[in-house]
Amino acid sequence: MKGNLIIISSPSGGGKGTLIKEILERVPSLGYSVSLTTRAPRFGEENGRHYHFVTKEEFQKEIDDGGFLEYAEVHGNLYGTSRAQTERITAEGRDVILEIDVQGAEAVMDKIPNAVSIFILPPSFETLRARLVARATESNDDLDIRLKNSHYEVSRYARFKYVIVNDELSVAASRLSSVIVAERQLLDRQVDSIRSILDSFERSDA
Ligand code: ADP
Ligand code: 5GP
């Protein structure tokens, strides 16, 4: 049985990265789609683990080769999801997490209607701003762009199947892992394993 595509979006600073790190430790059989980006690495970011950092030319070649499941320009940089990588993970029966912006999320939802879409909402604009300022990874100009863009991003929440408010970190992580585990229990996702269980009943002589 193929794994699920799990789309996780939020405005910058909404807590996607933090929550995903938590659930990768808690939930078995989960993979993470490492995106390609033209953005410069932040301090501590590793090529191949957080992103594949590429030039604009390399990114364009991947577009021309049809290598992206989706791609978008976000806050002035290009980001894209590798089609081959997500297919490899789901073919292994593992769910794959796509940590992508709302444009990319909507593109994937249109292409793959049974993808599981989850929007992470910060508890308020003020909390979002405070968390982004405390993260201290952006210049003032980049911070302003991200905060401005957050208004449009939160307005897209209604396209998503689930909304998780990221107030208390451990509570939000539990909500997120519950959604992922619950989605695995859908009847349609278990047809093969249910069939083999029922076969054992049919084979029994009791
Ligand atoms: P994103 O990946 O969506 O841009 P991050 O995961 O980097 O967001 O979170 C932004 C900042 O907010 C980080 O410094 C992170 O440690 C902090 N943060 C995330 N979730 C919470 C939370 N529930 N409570 C307090 N701080 C949080
Ligand atoms: P950051 O620069 O903070 O790592 O990411 C900026 C935004 O780009 C975030 O909303 C992040 O989820 C999004 N992003 C990261 N990878 C991808 C991707 O492959 N596709 C799209 N559409 N957005 C992405």
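How many nonpolar, polar and charged residues does the shell around ligand 2 have? In this predicted model, the shell comprises 5 nonpolar, 5 polar and 7 charged residues. The residues around ligand 2 number 17, and those that come nearest are Ser35, Arg39, Tyr51, Glu70 and Tyr79.

Three side chains place a polar atom at a short listed distance from ligand 2. For glutamate 70, a polar side-chain atom is 2.7 Å from a nitrogen atom of the ligand. Aspartate 101 likewise has a polar side-chain atom 2.7 Å from a nitrogen atom of ligand 2. For threonine 81, the partner is an oxygen atom of ligand 2, and the distance from the polar side-chain atom is 3.3 Å. On its own, ligand 2 has 510 Å² of accessible area, of which the protein covers 96%.

Ligand 2 takes up the space of the largest pocket. Two elements, β5 and β6, give two or more residues to the shell around the ligand. The largest pocket itself holds about 1,100 Å³ of space. Its lining consists of 40 residues, and Lys16, Gly17, Arg42, Glu99 and Arg135 are the ones that lie nearest the centre. Two or more lining residues are given by each of α1 (16-26), β5 (68-74), β6 (77-82), α5 (125-135) and α6 (140-155). Strands β5 and β6 thus appear both in the lining of the largest pocket and in the shell around ligand 2. Helix α1 gives the most to the lining of this pocket, with 6 residues. Sorted by class, the lining of the largest pocket has 12 nonpolar residues, 15 polar residues and 13 charged residues.

The second largest pocket was also examined. About 270 Å³ of space lies within the second largest pocket. Its lining is made up of 14 residues, with Lys2, Gly3, Leu5, Thr90 and Ile112 lying nearest the centre. Helix α3, which spans residues 83-91, supplies the largest share of this lining, namely 4 residues. The class counts for the lining of the second largest pocket are 5 nonpolar, 5 polar and 4 charged residues.

Technical notes:
Residues are numbered from 1 along each chain as its sequence is written. Chains are lettered from A and ligands numbered from 1 in the order in which they are written. This is a predicted model: local features need pLDDT of at least 70, side-chain atom pairs count only at pLDDT 80 or more; totals for chains, interfaces and linings use all residues. Side-chain values use heavy atoms; hydrogens and water are left out. On a 1 Å grid over the protein atoms alone, a cavity is a set of points where a 1.4 Å probe fits but cannot get out, and a pocket is an open set with protein on both sides within 12 Å along at least five of seven lines; lining residues have an atom within 4 Å of a point. Grid points are joined across faces, edges and corners, and a volume is the space filled by probe spheres set on the points. Ala, Val, Leu, Ile, Met, Phe, Trp, Tyr, Cys and Pro count as nonpolar, Asp, Glu, Lys and Arg as charged, and the others, Gly among them, as polar. A residue is near a molecule or strand if one of its heavy atoms lies within 4 Å of it. A polar contact is a pair of N or O atoms within 3.5 Å; within protein, one must be able to donate a hydrogen and the other to accept it, and residues adjacent in sequence count only if both atoms are side-chain atoms. Accessible areas come from the Shrake-Rupley method with a 1.4 Å probe; for residues, only the protein chains shown count as cover. A molecule sits in a cavity or pocket if more than half of its atoms lie within 2 Å of its grid points.
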